[in-house]
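Please load the model in your viewer, switch to a cartoon representation, and keep the selection panel open. The stops below go from the whole chain to single residues and end with some backbone details.

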Amino acid sequence: MAPIARLLLLALLSTALTISSGSGDGYTINGRVKIPQGLGTKGFALPGKTSNVKVILNGGQIVTYLRPDGYFLFQNIPAGTHLIEVTAIGYFFSPVRVDVSARNPGKVQAALTENRRGLSELVLEPLRDEQYYEIREPFSIMSVVKSPMGLMVGFMLVVVFLMPKLVENMDPEEMRRAQEEMRNQGVPSLASLLPGGGRN
Amino acid sequence: MAIRSFFLFILFFSSSLSPVFSLYEDQVGLMDWHQQYIGKVKQAVFSSQRAGRKRVVVSTEENVIASLDLRHGEIFWRHLLGADDVIDGIDIGLGKYVITLSSGGSILRSWNLPDGQMVWESSLQGPKHSKSFLLVPTNLKFDKDNVLVVFSNGRLHAISCIDGEVLWKKDFEAESFEVQQVIQPPGSDLIYVVGFAASYQFEMYQINAKNGELLKHESASFSSGFSGEVSLVSTETVVALDSTGSILLTISFQDGKISSQQTPISNLVEDSLGPAVIIPSSVSGIFAIKTDAVTVFIRVIGEGKLEVVEKTTHEIAVSDALSISEDQQAFALIQHASSEIHLTVKLAHDWDGNLLKESVKMDWQRGLVHKVFINNYIRTDRSYGFRVLIVMEDHSLLLLQQGEIVWSREDGLASIIDVTTSELPVERNGVSVAKVEHNLFEWLKGHMLKLKGTLMLASPEDMAAIQSMRLKSSEKSKMTRDHNGFRKLLIVLTRAGKLFALHTGDGRIVWSHLLRSLHKSEACQSPIGLNLYQWQVPHHHAMDENPSVLVVSRCGPSSDTPGVLSFVDTYTGKELSSLSLDHAVVQVIPLPYTDSTEQRLHLLINADKHAHLYPKTSEALSIFKREFLNIYWYSVEDQNGIIKGHALKCKCTGEVADEFCFDTRDLWSVVFPSESEKIVATVTRKLNEVVHTQAKVVADQDVMYKYISRNLLFVATVAPKGSGEIGSVTPEESWLVAYLIDTVTGRILHRVTHHGSQGPVHAVFSENWVVYHYFNLRAHRYEMSVIEIYDQSRADNKDVWKLVLGKHNLTSPISLFSRPEVITKSQSYFFTHSLKAIAVTSTAKGITSKQLLLGTIGDQVLALDKRFLDPRRTVNPTQAEKEEGIIPLTDSLPIIPQSYVTHALRVEGLRGIITVPAKLESTTLVFAHGVDLFFTQLAPSRTYDSLTEDFSYALLLITIVALVAAIFVTWRLSERKELQEKWR
């Protein structure tokens with residue numbers, strides 16, 4: 001049996017070979033996590049810093065870390081359909097379905113489960129970066145105006161400055177008529193305003 | 001802060017779809033705290049780098065490898081390996097790589113010492129299971145490449161330190177060969193592998209380190225056999241014990257020749273001591289044996305002659321050897337005296353000459369010293385100084401230097417078993433009435449700063465001032481109860497048997513107590529803490545009593561060992577009393593009854609299905625007798641796939657009359673066919689959950705009645721084949737069945753099968769719904785399902801006429817014995833991540849809408865509105881349904897990054913999430929624990945009943961002032977105008 005490591009090295013050099021039939025009782029899944037530069041520069045994960053990225057097989061059966069070049073590897077995996085998850089603070093990775101088939105060793109069968117996109121080689125990239133904090137909106141006049149207190153002030157201003165204008169613009173005769181009408185009716189009571197109040 | 005008022009109307013505004021939990025970056029640490037731990041240290045290696053900061057690399061029982069700052073004990077970097085990836089050995093290679101051997105010696109990894117980046121990983125296979133050893137010889141070179149020697153799985157490997165490539169390997173396939181030691185004498189090219197074969201044969205293999213060639217193989221048989229471990233006393237001598245544990249065998253294999261000497265222990269130590277064990281150590285020339293009472297240090301002189309150098313009855317701990325010069329080795333020895341520990345550093349060849357002797361005061365709450373690691377440094381006067389790292393019984397880690405504790409880490413908190421909460425003392429009158437802000441000016445200034453901050457006008461210095469002002473607000477870390485119920489004590493029980501009380505305000509340890517009842521003793525060999533229960537929560541009659549918790553533990557790993565109860569005061573941390581029970585504790589049932597001192601009645605079920613009542617008072621007994629016929633419980637035997645319901649029968653019919661012991665009877669049992677179903681999860685409602693209303697008003701003024709019963713049990717079973725890992729089963733041969741069972745009658749209320757699905761199942765039950773998470777093999781994605789259960793028997797009460805004429809059945813008694821008319825609604829959705837834990841928010845009155853808290857595989861906690869898991873979701877909701885807040889149906893649940901309650905932090909090794917209601921209805925307290933701890937406050941429907949921390953009083957004041965000014969100005973103006981009018 002040739003040294004496994006040498007075999008892996010070979011697998012590394014030709015990235016297309018993702019699943020190699022390992023020695024002994026299982027297969028080897030070999031892939032790469034690529035975090036594009038420029039994504040997620042908000043300080044959660046420095047671009048290129050991969051020491052805190054975990055690669056998890058089947059919901060925690062095996063946990064592994066990335067090598068400096070972003071490669072990872074699971075060894076002694078039985079044939080079957082497996083799930084690989086990548087966790088990195090600041091990025092959203094889709095879990096990946098990987099088929100390790102006993103019949104055609106070395107055949108790549110990987111697909112993102114989120115969008116069912118097939119992968120020709122096991123290079124995992126984040127679907128998007130995750131922004132955990134709300135971004136404070138810069139100061140704007142509108143936000144002050146829209147706030148309850150802004151509305152209060154606005155309403156007061158309207159009452160103070162526009163209402164007299166409205167009264168001024170009214171026809172003096174009409175005004176007098178309205179005033180007289182009011183006098184005839186008397187002061188409207190609160191009870192008469194309520195819908196059911198009139199009946200009592 | 002709480003201006004509780006009519007802000008309730010804001011509740012209605014909160015029904016927008018935007019994430020409810022969201023945080024600005026400058027609010028981190030305001031309401032939450034995060035603590036990082038590593039767990040009980042198994043092995044520590046000091047970095048010998050001359051330059052840079054001093055570090056120590058440790059491996060722990062929580063499968064963590066970490067690099068700690070030797071000066072302050074802070075974590076430089078830390079990695080948590082998988083749950084099955086137990087660390088067997090660590091070392092430092094070439095001064096810059098941390099080498100770890102894990103998973104029973106099958107995975108070897110190398111990490112970069114400065115930043116913790118993994119450099120390489122290789123997998124080591126072998127013919128059979130064996131002990132594993134990791135050696136990093138300093139001078140063994142192979143093509144200018146340093147070599148690591150690893151023995152694992154019955155195979156010896158030489159591995160390149162640079163890239164992890166296997167240089168050569170050699171199998172030890174002999175069926176019965178058990179390796180005991182792998183030795184690489186410094187300065188030579190030889191490797192010795194020694195071990196036992198067939199339990200009476202001593203085997204020695206000499207191997208060329210350059211190429212793995214077997215140079216020599218010798219064996220010698222010892223008719224008396226071997227027991228336990230061997231101790232290496234020199235590079236070519238080992239000491240072993242015979243199978244009776246009374247004769248010491250000194251075996252030397254110098255130059256490939258095995259010679260041996262037998263020394264009965266009784267020759268060395270006068271009084272016979274009984275069977276002894278060897279304490280493994282690597283100090284050359286000296287080894288130690290331990291019997292029940294004494295520890296004896298023995299020196300090997302010359303040709304297998306033995307000499308006792310010290311005999312002690314104190315508890316001791318010995319470090320490994322540290323070579324301080326070419327031919328000198330030092331080691332540290334720690335002995336316990338009453339309240340102190342004595343640290344001595346000795347040279348290996350000179351027992352009586354102490355290099356160092358110090359006494360350090362030690363809090364007895366830390367227990368015994370379990371492990372010692374020694375390191376040296378060179379003092380300014382060029383003499384050697386020593387520092388030791390000690391691991392205590394409570395799993396804490398301490399650095400001792402110059403007779404003082406330089407730093408300590410409470411790493412017991414990395415392995416929490418159970419959590420409960422306790423209220424803080426009530427603020428007494430006059431003691432510390434909240435100080436009104438120092439003066440008005442300061443107060444205004446602070447709020448002006450905050451205003452500037454919210455208007456984004458603040459400079460960086462202002463921002464820093466705001467941040468520090470917020471963090472400093474001493475309100476949150478006071479030791480008294482607050483109006484909103486935000487301040488509480490979290491009482492946690494750790495695996496080491498220590499109780500901690502953590503303050504929810506800032507996470508500090510208020511008190512800690514190593515339970516005496518969990519101390520190893522004659523009667524109780526290996527005590528294990530099991531659970532915490534609230535024993536006494538005084539609120540009505542017994543205000544003067546302190547609250548207390550009940551700690552249930554048992555004396556061994558199997559469930560039929562006798563139990564131990566201890567009662568701990570939560571204000572002071574004092575152990576009030578402890579009871580060693582004469583029966584086992586299989587199940588603890590807190591009953592919903594309390595006595596006049598507010599002690600809660602508990603029923604303890606033992607292995608013979610007898611129920612024991614605690615507290616053992618006549619008052620408790622009389623309360624219990626009254627409710628005798630109303631007590632039901634269930635038990636789950638997941639091995640046999642049986643769920644049983646029980647009730648009480650009569651007093652115990654034993655030889656000893658015990659009025660607090662009761663016989664039980666089985667009421668019903670549900671047996672799952674073992675060939676097709678296996679129980680993987682059972683879940684019930686939380687006992688203390690509050691439901692606000694049974695009625696649920698749905699669209700078009702219709703009402704649905706929730707089926708709310710405390711006795712509902714959710715059970716999930718999977719096909720036995722599908723209980724393994726994902727990928728081990730095809731969709732055709734795997735299924736998952738979910739049941740809702742009434743635990744009083746055993747009636748199955750609902751059953752649903754998910755074909756092509758498998759576990760693990762994580763479920764949470766609240767009010768009338770259950771949400772569970774499982775794996776769908778057909779889609780190869782995780783799925784979450786919700787089942788809601790509604791009471792149909794009340795459905796006709798909707799008719800107004802019936803209500804008016806009194807023909808409704810609202811007042812008819814609810815009995816579980818009548819067949820309930822229920823309907824269930826369910827729906828399933830895809831979910832992206834694997835889960836580690838699931839919980840639901842709980843509030844004081846249950847009015848606030850609920851959120852699910854999902855602990856994801858990435859060790860983050862995601863808050864997901866329950867409205868996303870509403871079985872009434874449809875693709876095109878009608879206008880009425882939209883108004884009600886029903887979200888259009890999508891096939892998968894959304895993951896909104898802003899709703900991660902842990903924001904950019906990780907709760908490494910997440911195991912559980914606990915929610916506790918605050919007094920303020922809108923708010924719930926969330927505590928997530930694993931290797932790390934995280935605490936925060938959540939308001940699932942926003943804080944509609946109080947002003948937020950951010951509320952700008954300054955803006956309010958300015959507005960009022962402006963309004964008043966405007967009133968005056970306009971009044972003046974109008975007056976003047978009137979005057980002018982009159983003059984006209």
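UniProt positions are given in the numbering used here, with shortened feature names, and such annotations may be inferred rather than shown by experiment. With that caution in mind, and remembering that this is a predicted model, select residues 149-167 of chain A, which UniProt, in an unreviewed entry, labels "transmembrane region". This span is 100% helix and 0% strand, and its end C-alpha atoms lie 27 Å apart. Then select residues 951-974 of chain B, to which the UniProt annotation "transmembrane region", again from an unreviewed entry, is assigned. Here the chain is 92% helix and 0% strand, with 35 Å between the end C-alpha atoms.

**Chain B as a whole**

Select all of chain B and colour by secondary structure, which comes to eight helices and 65 strands. The radius of gyration of chain B is 34 Å, close to the 30 Å that the globule rule gives for 984 residues, and therefore the chain is as compact as a globular protein of that length. Along the principal axes, the C-alpha atoms of chain B fill a box of roughly 125 × 80 × 60 Å. If you colour by accessibility, 54% of the 984 residues of chain B count as buried, while a surface view shows the exposed area of about 43,700 Å², of which carbon and sulfur atoms supply 53%. Among the contacts in chain B with a separation of 6 or more, 51% are between residues 24 or more positions apart.

**Helix H5 and its surroundings**

Which residues of helix H5 of chain B are buried? Select residues 618-626 of chain B, and within this helix pick out B:Ala620, B:Leu621, B:Ile623 and B:Phe624, which are its buried residues. Look down the axis of H5(B): the buried residues fall within an arc of 165°, so they line one face of the helix. On the face turned away from that buried side you will find the exposed residues B:Ser618 and B:Arg626. Now add the strands against which the buried residues of H5(B) pack, namely E44 (587-594), E45 (600-605), E46 (610-614), E48 (642-651) and E49 (661-671) of chain B.

Stay with strand E48 of chain B and select B:Lys644, which is found there. Is this lysine, B:Lys644, buried or exposed? B:Lys644 is buried, because its relative accessible area is 17% and the cut-off for buried is under 20%. Leaving out residues up to four places away in sequence, B:Lys644 touches B:Lys609, B:Trp633, B:Tyr634, B:Ser635, B:Glu637, B:Asp666, B:Trp668 and B:Ser669.

**Two buried loop residues**

Move to B:Thr902, in the loop between helix H7 (879-884) and strand E63 (912-917) of chain B. At 0% relative accessibility, B:Thr902 counts as buried, and its side chain reaches the backbone nitrogen of B:Val861 at 3.2 Å. Apart from its neighbours within four places in sequence, B:Thr902 is in contact with B:Gln860, B:Val861, B:Val907 and B:Phe934.

Next select B:Phe486, in the loop between helix H4 (460-472) and strand E37 (488-494) of chain B. B:Phe486 is buried, with a relative accessible area of 19%. Not counting residues up to four places away in sequence, B:Phe486 touches B:Thr504, B:Ala918, B:Leu920, B:Thr923, B:Leu925 and B:Gln937.

**Backbone details**

Most residues other than glycine have a negative phi, and most peptide bonds are trans. The next selections depart from this pattern.

Where is the cis bond that ends at B:Pro615? The peptide bond from B:Tyr614 to B:Pro615 is cis, with omega near 0°, and B:Pro615 sits in the loop between E46 and H5 of chain B. Another cis peptide bond joins B:Gly759 and B:Pro760, with omega about 0°; B:Pro760 is in strand E56 (residues 757-766) of chain B.

For positive phi values, select A:Asn58, which has a phi of about 50° although it is not a glycine. A:Asn58 lies in the loop between strand E3 (54-57) and strand E4 (62-65) of chain A, and counts as buried at 3% relative accessibility. Finish at B:Arg382, which is not a glycine either and has a positive phi of about 65°. B:Arg382 is in the loop between strand E32 (369-378) and strand E33 (384-392) of chain B, and is exposed, with a relative accessible area of 75%.

Note on methods. Residues numbered from 1 in each chain as written. Chains lettered and ligands numbered in written order. Predicted model: local features only at pLDDT ≥ 70, side-chain atom pairs only at ≥ 80, totals over all residues. Heavy atoms only, no water. Helix = DSSP H or I, 4+ residues; strand = E, 2+ residues; numbered from the N terminus. Buried < 20%, exposed > 50% of the residue type's maximum accessible area, 1.4 Å probe, protein only. Polar contact = N/O pair within 3.5 Å; in protein donor to acceptor, adjacent residues only side chain to side chain. Contact = heavy atoms within 4.5 Å. Arc of directions from axis to C-beta. Rg over C-alpha atoms; globule rule 2.2 N^0.38 Å. Areas by Shrake-Rupley, 256 points an atom, 1.4 Å probe, with all protein chains shown as cover.
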